[in-house]
Amino acid sequence: MTAITPGSRSRRPSKLGRLQPGLRNLMPYLICIGGFLIAWQILSLILGMARLPGPINVIVETWDPYISQPFFDDGGTSKGLGWQILISLQRVALGYGLAAVVGIAIGGVLGLNRFIGKGLDPVIQVLRTVPPLAWFPISLMVFQDANTSAIFVIFITAIWPIIINTAVGIREIPQDYTNVARVLRLRKGAYIRNIVIPATVPYVFTGLRISVGLAWLAIVAAEMLKADGGIGYFIWDAYNAGGDSSSSQIILAIIYVGVVGLALDRLVAYVGSRVAKGGN
Amino acid sequence: MALPLLTVDDVTQVFPLDDGGRYVALKDIDLTIAEGEFISLIGHSGCGKSTLLNLMAGLNQASTGGILMDGRQVTDPGPDRMVVFQNYSLLPWQTVRQNIALAVDNVMTGSSEAERRERIEQSIQLVGLGAAADKFPGELSGGMKQRVAIARALAIRPRLLLLDEPFGALDALTRGNLQQQLMQICQQAGVTTVMVTHDVDEALLLSDRVVCLTNGPEAGIGQILNVPLPRPRQRLDVMDHPDYYHLRSELISFLQQQRRLKQRKQSRPSVVPVAAPAVQTVRLGYLPGLDIAPLAMAMDRGLLQQRGLELKPVAFDRWQTLEDQLKAGELDVAITSATTPLALTLGLGGQGAWPAVTPMTVTRSGNALCLARRFSDLGIQDLGSLAAQIKGTGTRLRLAVAHKGNMQELLLRHWLASGGIDPDRDVELMALSPMAMEATLRAGEIDGFIAGRYRVAKALEAGLVTLLATDLDIWSDHPEKVLTCHENWALNHQDALLDLSAALMRGGQLCEDPAEHDHLVGLLGASQWLGKGSALALQSQFDFGSDVPSGVRLPLNRFHSDRAHLANSAEGSWILSQFSRWGWSPFPSNRLELLSHVYRSDLCSRALERAGFADLRPERAPFALADGLAFDQDNPLDYLKQLPYSRATALESIPLPSGSSQRPLAAH
């Protein structure tokens with residue numbers, strides 16, 4: 001073997017390696033997203049701007065007022081996208097908040113009581129597979145009000161994962177912890193406070209996180225069917241208007257919907273990780 | 001010995017299986033733990049160590065039997081029996097201090113806030129975790145977590161500390177430090193401790209006693225080893241102690257034997273269900289004597305036909321012939337001396353080893369030693385005068401036994417040795433057919449013999465001999481005759497063997513019934529058993545020329561009562577010690593393996609069940625023979641060392657004969 005003198009193997013740093021570390025981390029995103037935008041632009045050139053506006057057209061056509069003024073209000077349903085999103089978020093907050101409270105309570109009962117848990121399981125398994133919009137007509141008939149119905153659809157869509165995960169979380173409390181409770185003869189209150197709740201929190205937040213995604217999916221669909229205001233309504237309204245910039249407005253709204261959905265998911269995940277301190 | 005804190009009384013634990021079956025995890029566990037003791041439970045994985053620990057903790061309830069703590073039954077878990085679980089079981093969402101506080105606050109409800117704070121801090125300091133008190137378990141190493149778990153357990157001052165493989169997951173260095181710490185803490189706190197482990201050195205370092213569990217299913221206590229190393233112990237000092245390596249090899253050999261048994265069980269061919277004929281003929285060999293009374297009774301009452309078993313009893317007049325026929329497969333089973341199954345399995349006397357098993361003891365006691373009349377005229381009436389005569393005159397008595405190495409010879413040798421007579425030098429022992437003894441004595445070729453009471457009674461009736469001792473003086477209730485067959489026959493004809501055993505058990509019960517006695521005497525007079533002349537001797541034999549008025553029956557043979565039927569491997573252990581004492585065989589270092597193979601207590605249990613009797617177990621307590629030395633089945637080597645005239649050779653592991661050949665192995 002030939003001796004390797006130190007330094008003789010100095011590698012030429014790659015191009016990526018010579019960039020600033022912060023920039024280097026961003027490189028994959030920049031390249032891939034750039035590629036995606038270029039592909040989109042090419043596709044729009046092929047299909048024609050009228051059918052599928054490219055990214056540049058979208059920004060140009062919606063800059064004023066939708067991007068530059070998110071909070072304009074011309075009265076009626078003609079509002080900025082910021083307002084529309086807030087209207088949707090408000091509905092989600094109500095429906096989802098209700099689903100969280102009711103879902104954790106029901107899940108808690110199902111988890112702590114084997115009998116009820118077993119008996120109701122088939123009902124839950126059937127109902128949770130019902131698509132959100134299938135609930136819409138019946139809730140309209142019951143509530144006679146589009147806004148309440150939309151909130152109900154959010155509620156009924158979001159509640160199942162919360163129930164199921166809470167119940168499973170309680171049932172899956174590791175035997176080790178319940179054994180500790182038994183040996184120490186923990187009283188019921190102390191047991192629930194010190195063991196059941198902390199052990200179940202990660203499961204509950206998994207349920208909440210799945211639910212928030214479902215709720216956001218459901219609200220957009222519900223608003224498209226029947227509502228006044230909200231991001232779903234905005235999309236449907238833009239489509240019906242059939243103006244020159246309609247496609248661009250729809251695309252912009254879709255991007256907003258996606259970004260807000262992602263933000264909601266991350267928010268719940270963050271709260272979950274803060275609440276379940278020290279866990280796992 | 002301090003007061004018992006915890007008593008495990010006859011505990012059996014059965015778990016239901018998913019397929020509807022049952023898994024017997026623990027069977028018949030008896031254990032008494034004294035206040036302040038440190039006990040280790042050791043055994044292979046799956047042997048039920050943790051199951052037993054959970055039962056002690058009260059986390060599970062025993063299927064049968066019970067656990068007593070301070071005389072009160074343990075029905076649920078409680079902080080007086082604190083457990084340190086295998087995986088620490090710290091709550092990950094609470095800091096070290098909070099974890100300990102949860103236990104302290106919940107248990108010390110009568111104390112003030114300040115007292116509880118103090119106890120918590122003190123416990124944290126005890127295990128040296130002051131710096132980590134506010135960390136979460138997830139931020140700690142395995143060793144630190146285990147220290148927290150121990151601190152939490154000790155903080156609430158339990159009466160009993162239960163540790164489930166506490167150091168299993170730790171590296172060697174951490175483990176060593178923690179063991180030392182635990183030992184100090186336990187000693188300072190004086191807390192009684194039970195620890196599950198599979199580490200032999202750990203068990204020896206920490207324990208006062210090591211309880212070895214046999215393999216599951218139906219795990220039981222195989223051995224209890226006392227660890228008499230002085231305290232306080234230091235790891236290095238302990239290893240230098242002269243007893244250490246002996247104790248260590250005891251434990252290791254126990255574990256190795258269990259491993260081999262496990263492998264053997266796995267490799268055993270599964271029973272091929274042979275289309276069994278409606279009536280099965282079983283050839284049973286015996287030598288006429290009172291020991292066959294249960295058999296005669298069982299046949300008379302049709303106890304065997306009831307079970308679809310046709311028994312063909314074959315009488316022999318020499319034990320050697322019977323053994324040869326049994327080994328040649330001419331006989332299926334035999335009623336033999338209690339020593340025969342082990343003697344055959346060891347291949348004693350230069351013969352090939354033959355894997356014998358015994359499912360039950362047929363009779364206990366019933367032997368007597370007699371000397372020709374002329375010796376009583378010389379004033380020899382007991383062991384003392386016999387010894388004086390031998391020492392004084394240098395006479396070398398010729399004494400007969402029915403078969404070399406049988407129970408009678410072991411008893412005779414033991415008795416002689418206890419009186420200062422060397423059975424190999426001071427007397428001459430010879431084997432003789434029991435039927436020929438009386439005539440040979442009459443001819444003056446022997447000076448006395450040890451035999452069943454019927455033979456002795458006949459010689460007494462004839463006025464030829466005087467009674468020197470009965471086995472009640474030597475070892476009351478010793479196993480005398482057992483049922484013996486080949487391992488494979490027991491496997492392939494298990495049903496027949498169980499039926500036969502059950503019938504003999506029922507027959508034994510009838511033999512002890514006073515109302516049946518006259519009938520039994522008449523029955524034994526049949527030519528098939530003892531013959532016509534027997535009635536007279538039988539009616540008066542209980543007398544034996546002693547002062548006991550005729551008609552008072554001395555309890556010489558025991559056929560049924562007081563757990564007579566049990567195949568007791570502790571007795572087998574004693575037999576092995578005697579084989580070794582007289583230099584016939586090295587003491588097997590794998591004795592438990594050998595014994596569990598020969599003494600089929602599982603078959604005994606099932607036969608008892610079939611016969612409708614309670615499935616009782618032998619006492620574990622040491623027993624003593626004529627010389628008063630206690631024989632502890634857990635420490636036979638100590639016993640062997642104390643015996644006079646011992647020719648015991650070194651320990652040797654004795655391979656079990658292969659069960660695959662029905663024919664005898666290449667003999668000689």
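Which strand of chain B does B:Leu309 lie in? Keep that in mind while you get your bearings. The model on your screen is a predicted one, and this tour walks through it one selection at a time.

**Stop 1: B:Leu309**

Select B:Leu309 and show its side chain. You are in strand β12, which covers residues 309-315 of chain B. Is B:Leu309 buried or exposed? Its relative accessibility is 4%, so B:Leu309 counts as buried, the cut-off for that word being under 20%.

Now bring up what surrounds this leucine. Leaving aside residues up to four places away in sequence, B:Leu309 touches B:Gln280, B:Val282, B:Leu304, B:Ala496, B:Asp499 and B:Leu500. Pick B:Val282 from that set: B:Val282 and B:Leu309 are 27 residues apart along the chain, and their C-alpha atoms are separated by 7.3 Å.

**Stop 2: all of chain B**

Zoom out and colour chain B by secondary structure. You should find 25 helices and 23 strands. Of the 668 residues in chain B, 58% are buried. The surface that chain B exposes comes to about 26,100 Å², and carbon and sulfur atoms supply 50% of that.

The example of B:Leu309 and B:Val282 has plenty of company. Taking the contacts in chain B with a separation of 6 or more, 76% are between residues 24 or more positions apart.

**Stop 3: B:Arg617 and its two partners**

Next, select B:Arg617, B:Asp10 and B:Asp28. B:Arg617 forms a salt bridge with B:Asp10, where the closest N and O atoms are 2.4 Å apart. Why does this pair tie together distant parts of the sequence? B:Asp10 sits in strand β1 (residues 4-16) and B:Arg617 in the loop between α24 (601-611) and β22 (623-624), so the bridge joins parts that are 607 residues apart in sequence.

B:Arg617 also forms a salt bridge with B:Asp28, this time with the closest N and O atoms 3.5 Å apart. B:Asp28 belongs to strand β2 (residues 22-34), and this pair is 589 residues apart.

How covered are these three? B:Arg617 has 19% relative accessibility and so counts as buried. B:Asp28 is buried too. B:Asp10, at 31%, counts as partly exposed.

**Stop 4: B:Asp477 and B:Arg558**

Move on to another charged pair. The side chains of B:Asp477 and B:Arg558 meet in a salt bridge at 2.7 Å, N to O. Both ends are in loops: B:Asp477 is between α17 (471-474) and β21 (479-486), and B:Arg558 is between α21 (534-540) and α22 (569-581), so this bridge ties together parts that are 81 residues apart in sequence. B:Asp477 is partly exposed, with a relative accessible area of 26%, whereas B:Arg558 is buried at 11%.

For a group of charges, select B:Lys404, B:Glu409, B:Arg413, B:Asp422, B:Asp424, B:Arg425, B:Asp426 and B:Arg647. Salt bridges that share partners join them into one network. Over all chains, the count is 46 salt bridges.

**Stop 5: all of chain A**

Switch to chain A and colour it in the same way. How many helices and strands does chain A have? There are 10 helices and zero strands. Of its 280 residues, 38% are buried. The accessible surface of chain A is about 16,300 Å², with 66% belonging to carbon and sulfur atoms. Among contacts between residues at least 6 apart in the sequence of chain A, 65% join residues at least 24 apart.

**Stop 6: where the chains meet**

Finish by showing both chains together. The contact draws on 18 residues from chain A and 25 residues from chain B. About 2,000 Å² is buried between them, and carbon and sulfur atoms give 61% of that area. Highlight A:Val183, A:Leu184 and A:Arg185: they supply 31% of the area that chain A buries against chain B, more than any other three residues.

Keep A:Arg185 selected and add B:Asp76. Their side chains meet in a salt bridge at 3.5 Å, N to O, and the count between chain A and chain B is one salt bridge. The interface also has eight residue pairs in polar contact.

Which elements of chain A give two or more residues to this side? They are α7 (175-183) and α8 (188-225). The largest share, six residues, comes from α7(A). Colour by class as a last step, and the chain A side shows eight nonpolar, five polar and five charged residues.

Definitions and conventions. Residues are numbered from 1 along each chain as its sequence is written. Chains are lettered from A and ligands numbered from 1 in the order in which they are written. This is a predicted model: local features need pLDDT of at least 70, side-chain atom pairs count only at pLDDT 80 or more; totals for chains, interfaces and linings use all residues. Side-chain values use heavy atoms; hydrogens and water are left out. Contact means heavy atoms within 4.5 Å. Buried area is the accessible area (1.4 Å probe) that two parts lose on being put together, summed over both. A salt bridge is a side-chain nitrogen of Lys or Arg within 4 Å of a carboxyl oxygen of Asp or Glu. A polar contact is a pair of N or O atoms within 3.5 Å; within protein, one must be able to donate a hydrogen and the other to accept it, and residues adjacent in sequence count only if both atoms are side-chain atoms. Helices (H or I, at least four residues) and strands (E, at least two) are DSSP runs, numbered from the N terminus. Ala, Val, Leu, Ile, Met, Phe, Trp, Tyr, Cys and Pro count as nonpolar, Asp, Glu, Lys and Arg as charged, and the others, Gly among them, as polar. Buried means under 20% relative accessible area, exposed over 50%, partly exposed in between (1.4 Å probe, protein chains only). Accessible areas come from the Shrake-Rupley method with a 1.4 Å probe; for residues, only the protein chains shown count as cover.
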